Each structure stands twice: as C-alpha cells, then as structure tokens.
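I am opening my notebook to write down, step by step, what I looked up in this structure.

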Amino acid sequence: VRSPETLDATFAALADSTRRAILARLARGEATVNELARPFRLALPTISKHLAVLERAHLIGKRKDASRRRCSLRTASLREASSWIQKCTLFWESTLDSLDEFAAHGEAPPSREHRSGR
Amino acid sequence: MTMTANPEGQRDRIVGVRRRIRATRAFLFAAWTDPACFVRWFGPKAWTVERCEIDARPGGTWRAWLKRGDGASVCIGGVYTEVEPERRIVFTWDNDERGRPTEIMSLVTVEFAEMADGVEVSITHRELSTGQAVDMDVGWNSTLDSLAAYVSAEL
C-alpha cells in the first residue's frame, strides 16, 4: 500500500544525483554493494546509507545471495511516482504560475453578469 | 470507508498545491469560471488554451483544448459538482477527447481564501478511481520522467 508518506520518501530519495546514478546502474541489472560503490568512489558506509534511503522508498530491493547482498531495481515505485503524483503536482504548480501571471496584468474581471450560480 | 474493489491495492491519491496571488476573489473566480478569462491563462506555462467550453454551475460541464508550441495537444474536461461564487469550485477531470464522461475520473477542488496580502488559491486534485489514475501527461519533461524513461529503455 502506497501512502503519501511513502511517495514523499520516493521523491526525497530521487532528489540526489548519487542515488539516481545508483538507480541507473541497477537498471542494467542487479549488483552487489561493492559493485555499486566502485564507480562512485564512495566508502561502503556512504553507499549503504544511500541504499538504505532507496530501500525505504521502495525503489530498490535487496536479497541475500550466499554471503553477499544483491540489490535490484524496483521499477513499480518509480513508475508510479512518475505516472501521476509528480505530473499532477507539476501541472498545477505551473498552472498557478500562469494564473499568477494573468492576475499580475491587473485586468478587471469582465463586467458582464456572471453570477448565475446563486 | 475502505475501498474493497481495489485489485491493485492502491489507495486514493491526492495532490495539493497552494499559492498566494495578489488579486481579488472576484477576479480569480472569474478567471476560473468565465470562458473569456479562462482561455487567456489556464494550463501550465508553454501551453495555451485553443478553445474552451465552460458552464460553471453544478451539473454543468467544462472542456478545454490545450496546445503547446511544438504542436502537442491535450483535451481536458469534466462536470462541475459544486460552484460557490468567489469561494469554491469543484469539478471532475477526465481526458476524453470527445468529451464523454469516462470511468477514469478524478476530482479537482479550487478554493479561494482571503488573506491580508491577497488571496490564497488552493487546488486539490484527488483520484476517484483507485485502480487507475487519470493521465496527467501533457508532455513536459522532468528529471523523474527522464529517469523513468531511461529505466524503461534499459530494462
């Protein structure tokens, strides 16, 4: 079940270039924590912290394979976040920009009778 | 009440945005309900309203044809469920090009609240159907869109 809090976590997780790069890497296939750390030249604890954020946001999954932990992409969250909430927010924020601009022109509302909704 | 007929197990989703705008409630109400005004501003930046039909009273319908500079177009519309002059407008939202009511609908509430330095316009957009959301893709790109596209392409 996806709550607004989970979606907030998804967007917070995506608002970081390292984490987006990790997701892009995982889009090519699952990887161990070591494999993920290598191209970023980051210490393992740093990578682990990023992975924990991504996991909480349901953007990645982890599974234990023998002694290693393998990470994989969970695209459902990404697709869902992309598909509605984000677009809807962008649509209305940008529409409010337009309204603000329209109002700033300072034009009076039309004088013709308009209050039919009594 | 919980939605039981919900095969995908998703909850209703809600988006809320608000902005304080220096204008009167009368002006803002007209901006939303008078077609002559609505046509001049509605939609995200870079989009223009080609034409619109607005009958802003409970049970009345609205429909707007939006176009972007590069030729992309979209049609949005719905039915007003509440119209309280200068205070509150509630309408359904669908993307059917021919303007027929669809099963996939969401609900938009626009409210105007008087503030010391203008009017706060609040927009709440919520889904009515839990299984599927109305497509909000009117063609802009965002970091997230690009990433999602990238991920889809890579899979």
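The entries below go from chain A as a whole to single residues in both chains.

**Entry 1, before starting.** I remind myself that this is a predicted model, and I keep that in mind for each value below.

**Entry 2, chain A in outline.** I looked up the secondary structure of chain A and found 5 helices and 3 strands, which follow one another along the sequence as α-α-β-α-α-β-β-α. Of the 118 residues in chain A, 42% are buried. I also checked the contacts in chain A with a separation of 6 or more, and 52% of them join residues that are 24 or more positions apart.

**Entry 3, two helices of chain A.** Two packed helices are described by the angle between their axes and the distance between the axes. I therefore looked up both for helix H2 (residues 17-26) and helix H4 (residues 44-56) of chain A, whose axes come within 10 Å and cross at roughly 75 degrees. Angles of 65 to 115 degrees count as roughly perpendicular, and H2(A) and H4(A) are therefore roughly perpendicular to each other. Next I asked which residues of H2(A) meet H4(A). From H2(A) they are Thr18(A), Arg19(A), Ile22(A) and Leu23(A), and on the H4(A) side I noted Ile47(A), His50(A), Leu51(A), Val53(A) and Leu54(A). Sorted by type, the residues of this contact are 6 nonpolar, 2 polar and 1 charged.

**Entry 4, positive phi values.** I looked for residues other than glycine with a positive phi, and His58(A) is one of them, at about 60 degrees. His58(A) sits in the loop between H4 and strand E2 (60-65) of chain A, and it counts as partly exposed because its relative accessibility is 31%. In chain B I noted Glu86(B), which is not a glycine either and has a positive phi near 65 degrees. Glu86(B) belongs to the loop between strand E4 (73-84) and strand E5 (88-93) of chain B. Is Glu86(B) buried or exposed? With a relative accessible area of 16%, Glu86(B) is buried, since the cut-off for buried is under 20%.

**Entry 5, strand E5 of chain B.** I then went to Val90(B), which lies in strand E5 of chain B and counts as buried at 3% relative accessibility. Leaving out residues up to four places away in sequence, Val90(B) touches Val79(B), Tyr80(B), Thr81(B), Glu82(B), Leu107(B), Val108(B) and Thr109(B). For one of these, Thr109(B), I looked up the C-alpha separation from Val90(B), and it is 4.4 Å although the two are 19 residues apart along the chain.

**Entry 6, a histidine in chain B.** His125(B) lies in strand E7 (residues 118-127) of chain B, and it is buried, with a relative accessible area of 0%. Its side chain makes a polar contact with the side chain of Trp92(A), at 2.8 Å, so I noted that this contact joins chain B to chain A.

**Entry 7, helix H1 of chain B.** How many of the 9 residues of helix H1 (residues 25-33) of chain B are buried? I counted 8, so the helix is largely enclosed by the rest of the structure. The buried ones are Arg25(B), Phe27(B), Leu28(B), Phe29(B), Ala30(B), Ala31(B), Trp32(B) and Thr33(B).

**Entry 8, cysteines.** Last, I searched for disulfides and found 0 over all chains. I also checked Cys71(A), which counts as buried at 0% relative accessibility, and Cys75(B), which counts as buried at 5%.

Conventions: Residues are numbered from 1 along each chain as its sequence is written. Chains are lettered from A and ligands numbered from 1 in the order in which they are written. This is a predicted model: local features need pLDDT of at least 70, side-chain atom pairs count only at pLDDT 80 or more; totals for chains, interfaces and linings use all residues. Side-chain values use heavy atoms; hydrogens and water are left out. Buried means under 20% relative accessible area, exposed over 50%, partly exposed in between (1.4 Å probe, protein chains only). A disulfide is a pair of cysteine sulfur atoms within 2.5 Å. A polar contact is a pair of N or O atoms within 3.5 Å; within protein, one must be able to donate a hydrogen and the other to accept it, and residues adjacent in sequence count only if both atoms are side-chain atoms. Axes are lines fitted to C-alpha atoms, for helices over the stretch in contact, and angles run from 0 to 180 degrees between N-to-C directions. Angles under 35 degrees count as roughly parallel, over 145 as roughly antiparallel, 65 to 115 as roughly perpendicular and the rest as oblique. Contact means heavy atoms within 4.5 Å. Ala, Val, Leu, Ile, Met, Phe, Trp, Tyr, Cys and Pro count as nonpolar, Asp, Glu, Lys and Arg as charged, and the others, Gly among them, as polar.
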